[in-house]
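Open the model in your viewer and keep the selection tool at hand. We will go stop by stop, selecting residues and looking at what surrounds them.

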Amino acid sequence: KQTTTGGDLAMAQYHVTIDSELLQHLFLSDARDSSVSKLLESILNQILEAQATEQLRAAPYERTQERQGYRNGTYPHTLTTRVGSITLRVPRLRNGKFSTELFSRYQRSEQAFILALMEMVVNGVSTRKVAEITEELCGTRISKSLVSDLCRRLDPLINAWKNRSLKDNQYPFLIVDALIIRIREDHRVVHRSMLIAIGVNQDGIREVLGFMIGDSESEESWNEFFCWLKDRGLNGVDLVVSDDHRGLVKAVRRNFQGASWQRCQTHFMRNVLDATPRAVQSEVKANIQAILRAPDMDTARMLLTKTLEAFAKKAPRAMEILEKGFDDATAILELPEKYRKRLRTTNSLERLNEEIRRRERVIRIFPSRDSANRLIGALLLEIDNKWAGGRRYLDMAEYHEYRSCRPKPGSNIFYL
């Protein structure tokens with residue numbers, strides 16, 4: 001069977017042949033783990049051979065005037081993955097070095113993931129199962145020197161990306177959120193806030209702008225985070241999207257004066273419905289959805305008035321929350337309609353947080369702050385690379401036209 005695969009490797013497309021017997025083994029429970037690793041090994045080896053063909057401009061034994069060199073066999077390269085250790089056949093070229101980014105790009109998050117497990121073993125906080133997993137994955141005994149060696153290889157790469165300059169782009173749209181993680185500090189487990197920001201730049205490309213471990217979700221922590229982003233060159237922010245955390249909102253207003261704040265509509269809806277009697281929840285929800293998806297601010301205000309009148313007695317507390325949060329939850333209505341769907345909530349960042357949670361559930365408790373920074377940083381780096389090489393998140397042409405003829409300060413949204 002043949003299939004086509006692509007990815008970060010210069011967005012190339014490769015034809016991959018999957019052995020039918022190997023494919024059949026994937027469905028046998030007693031052979032599934034080994035079959036997955038063999039399947040991955042087969043696919044990656046075919047990709048390496050295809051890349052060699054691209055660089056030489058000739059397939060094996062092919063006679064062509066465009067040939068740029070000749071093959072000189074292969075050498076083995078062991079790659080550690082969560083489905084087991086696999087051996088790749090890396091091509092050798094007679095007149096130069098074979099070039100591929102497959103190893104470095106593929107293994108960043110895998111190395112950080114395994115490294116976190118290994119640190120747990122070294123620090124004596126892991127279970128026997130974790131020790132067995134790490135030894136099986138790494139194929140070697142776990143020691144502090146091995147952990148230190150892996151840290152020296154991985155940390156500079158992550159730190160360089162994390163502290164990169166942002167001054168070459170503008171970021172009209174900024175989405176921020178936090179998630180709670182557990183870290184072992186001073187022989188006890190403490191809860192810390194991981195503050196994360198993603199932005200959409202002037203070309204419509206999403207970027208992971210930064211992350212920071214804070215002591216809490218206080219105004220001070222968020223203010224430190226935003227100051228750090230601005231010191232690295234964050235500029236041009238026009239709209240900030242977040243949940244309604246008091247410290248976060250205060251920090252946004254302090255650091256991005258003149259920008260508009262959009263309260264996440266998903267969380268806003270949940271806040272209103274939590275205060276609504278169950279008997280009228282479906283009616284209230286339908287009315288709020290109509291308000292939030294109104295074509296313009298005048299229509300939204302008209303629908304708000306009708307909703308407040310209809311449910312003032314049936315759900316007084318909910319109507320109070322709705323009226324108080326209306327302006328912040330509908331700030332997005334000032335933008336052209338095509339941008340509202342993706343900027344009305346923090347959903348894009350929530351999905352990124354889910355990827356972090358998927359890894360964090362295995363670790364459960366990070367052995368140290370460095371470990372948390374390493375694992376989360378490696379994952380976010382790979383996601384950022386994927387976004388940079390993918391499709392534009394938003395077409396910004398209409399936004400720039402709107403921005404150029406937008407009213408000066410005095411309206412609902414202001415220039416920075």
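A charge counts as sitting over a ring when NZ of Lys or CZ of Arg is within 6 Å of the ring centre and within 35 degrees of the ring normal. Note that this is a predicted model.

**Charges over rings**

Select K162 and F211. K162 lies over the face of F211, 4.5 Å from the ring centre. Now select R206 and W387. Here the charged end of R206 sits over the ring of W387, at 4.0 Å from its centre.

**The whole chain**

Zoom out and colour by secondary structure. You should find 15 helices and nine strands. The chain has 416 residues, and 47% of them count as buried. Take the contacts between residues at least 6 apart in sequence: 63% of these join residues at least 24 apart.

**Strands β5, β6 and β7**

Select residues 173-185 for β5 and 188-200 for β6. These two strands run antiparallel and are joined by 13 bridges. Their hairpin has two residues between the strands, and D186 there takes a positive phi near 50°.

Add β7, residues 206-214. β6 and β7 also pair in the antiparallel sense, over eight bridges. Look for G199: its bridge partner in β7 is E207. The hairpin of β6 and β7 has five residues between the strands, and in it G204 takes a positive phi near 85°.

Is β6 enclosed or open? Ten of its 13 residues are buried, so β6 is largely enclosed by the rest of the structure.

**I175**

Stay in strand β5 and pick I175. Across from I175, in β6, stands I198. I175 is buried, at a relative accessible area of 2%. Show its surroundings, leaving out residues up to four places away in sequence. I175 touches I196, A197, I198, V241, L343, T346, S348 and L349. Draw a C-alpha to C-alpha distance from I175 to T346. The two are 171 residues apart in sequence, and 6.5 Å apart in space.

**The nonpolar core**

Which residues have the most contacts inside the largest nonpolar core? They are F173, L343 and L352, in a core of 37 residues. Several elements each supply at least two residues of this core: the strands β5, β6, β7 and β8 (239-242), and the helices α13 (347-363), α14 (369-388) and α15 (397-404). Select α14 for the biggest share: α14 gives the most to this core, with eight residues. As a general background, nonpolar side chains tend to be buried together in soluble globular proteins.

Now centre on L343. Beyond its neighbours within four places in sequence, L343 is in contact with F173, I175, L239, V241, Q262, I332, L335 and L394. I175, from the previous stop, is on this list. So is Q262, which comes next.

**Q262**

Pick Q262 in strand β9, residues 260-263. Q262 is buried, with a relative accessible area of 0%. What does the Q262 side chain reach? It reaches the backbone nitrogen of I332, at 2.8 Å. Set aside neighbours within four places in sequence and display the contacts of Q262. They are L239, V240, V241, S242, D328, A329, T330, A331, I332, L343 and R344.

**Aromatic pairs**

How many aromatic pairs does the structure hold? There are nine. Start with F173 and Y339. Their ring centres are 6.3 Å apart and their planes are at 45°, so this pair is tilted. F173 lies in strand β5, while Y339 lies in the loop between α11 (316-329) and α12 (340-343), so the pair ties together parts that are 166 residues apart in sequence. Both F173 and Y339 are buried.

Move to Y399 and Y402. With ring centres 6.1 Å apart and planes at 45°, the pair is tilted. Both residues lie in helix α15, three residues apart, about one turn of the helix. Y399 and Y402 are both buried.

**Last stop**

Select W222, F225, F226, W228 and F256 together. These five residues form one aromatic cluster. Show their side chains as sticks to see the rings.

Methods. Residues numbered from 1 in each chain as written. Predicted model: local features only at pLDDT ≥ 70, side-chain atom pairs only at ≥ 80, totals over all residues. Heavy atoms only, no water. Core = buried A, V, L, I, M, F, W, Y, C linked by side-chain atoms within 4.5 Å. Buried < 20%, exposed > 50% of the residue type's maximum accessible area, 1.4 Å probe, protein only. Helix = DSSP H or I, 4+ residues; strand = E, 2+ residues; numbered from the N terminus. Contact = heavy atoms within 4.5 Å. Phe/Tyr/Trp six-rings, centres within 6.5 Å; stacked < 30°, edge-to-face > 60°. Polar contact = N/O pair within 3.5 Å; in protein donor to acceptor, adjacent residues only side chain to side chain. Pairing = 2+ DSSP bridges.
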